[in-house]
Amino acid sequence: MDRDAQKWVGNVEKDAVEMFTGFRYTPQDQIDTMMEVHVVGLSHHSAPVEVREKLAVAQEDWNSYAQELVEYSASGEGFVVPEIAVLSTCNRFELYFASSEINRYAAVECVQSFLRQKSGLSAEELDPYLFNHSGEAATLHLFEVSSGLDSLVLGEAQILAQVKACHNRCIEKAKEDDEASVAGSGGKIIAKMLNAGIRTGKLVRTRTKIGKGSVSVSSAAVELMMAKTLPDLHKYASKVKVCILGAGKMSRLLLIALFSKDPEIQVTLVNRSTDNAQALLEEVSARGGKNAKVASMDNMLDIVRESDVVFAATASR
């Protein structure tokens, strides 16, 4: 077959792909098809809290963490891990990344080595808790995560918002007026993967009843409290004294769940910053809080002794 014929056949193939998929290949895309996606991480399924805490990364630091890993993977032929996105929550720590297909094993080992270095844990201490998936298995794992199938509470809604945050961070551009701003390291492949995960999470919640009932750890904890107060404490919920330690996102969800059961329930919000605690109460005041008050950590032990139920929703020690 001469060159003109080869070119003609190639164009026919491209036209067929475009007709059926709506996508037109370019030379860059042909290179990308030789890339493979992976996920390495740990979660509540197997890793204890003390191990998860060693890897936890605050959301505002996700991009700098990803950039550090990309730089860590530098080799004489480029970056072993050119694209990566971080997902770090209370119950899981996961890194979604892409590598060339020929470097798939080196990329996974590179990421695991980086995690050992960052956590200060040896291979014997960390590796038994790590999982890794590649290719289709990595994508399937993301779909299960975003759908709430892999959550501590089946169907919980928070995780989809967290996956969205992961996607938004990984495609984020550095701010020109902020020298501390760090661009995301997601790249085209990981960004598309996460976007597909978000669409799947939405689809599952639209077409199934997975979101019915208690769909967060906080609401499940409140449901358990409501079920136990009368038989165990011999008190109705309106008479129970509740203490919440912390004033973060988990505390906000606890307050909303408590006020949905009884807007006038007795709650004391204990936090290092009483101003932050008061601001949180004001934020949810439309739902309840007539008998809610704040206290500082200095009074924590006394308040805990006086309370019937205590929710620990802080990472402070």
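**A walk from the cavity to the sheets**

The largest cavity has a volume of about 40 Å³, where a cavity is a set of points on a 1 Å grid over the protein atoms alone at which a 1.4 Å probe fits but cannot get out, and a volume is the space filled by probe spheres set on the points, with points joined across faces, edges and corners. Keep in mind that this is a predicted model, in which local features need pLDDT of at least 70 and side-chain atom pairs count only at pLDDT 80 or more, while totals for chains, interfaces and linings use all residues. Residues are numbered from 1 along each chain as its sequence is written, and side-chain values use heavy atoms, leaving out hydrogens and water.

Searching the whole structure turns up one cavity of 30 Å³ or more. Among the residues that line the largest cavity (those with an atom within 4 Å of a point) are Trp62, Ile84, Ala85, Cys166 and Arg169. Two or more lining residues come from each of α4 (62–72), β4 and α8 (158–170); helices (H or I, at least four residues) and strands (E, at least two) are DSSP runs, numbered from the N terminus.

From the cavity, β4 takes us into an open, antiparallel sheet of four strands, ordered β4-β5-β1-β6; two strands pair if DSSP finds at least two bridges between them. β4 (83–88) and β6 (131–134) are the edge strands with a single partner each, so one side of each has no neighbour in the sheet. Six bridges link β4 to β5 (residues 92–100), and Ala85 sits opposite Tyr96 in β5. Helix α7 (residues 136–146) packs on this sheet, touching β1 (35–43), β4, β5 and β6, and its direction makes about 115° with that of β6. Here contact means heavy atoms within 4.5 Å; axes are lines fitted to C-alpha atoms, for helices over the stretch in contact, and angles run from 0 to 180 degrees between N-to-C directions.

Now to the open space. The largest pocket has a volume of about 1500 Å³; a pocket is an open set of points with protein on both sides within 12 Å along at least five of seven lines. Its lining counts 45 residues, with Thr89, Cys90, Asn91, Lys249 and Met250 nearest the centre. Among the elements that each supply at least two residues to the lining of the largest pocket are β5, α8 and α11 (249–261).

Elsewhere, strands β8 (residues 266–271) and β9 (residues 292–296) run parallel, joined by five bridges. Val270 has Ala295 of β9 as its bridge partner.
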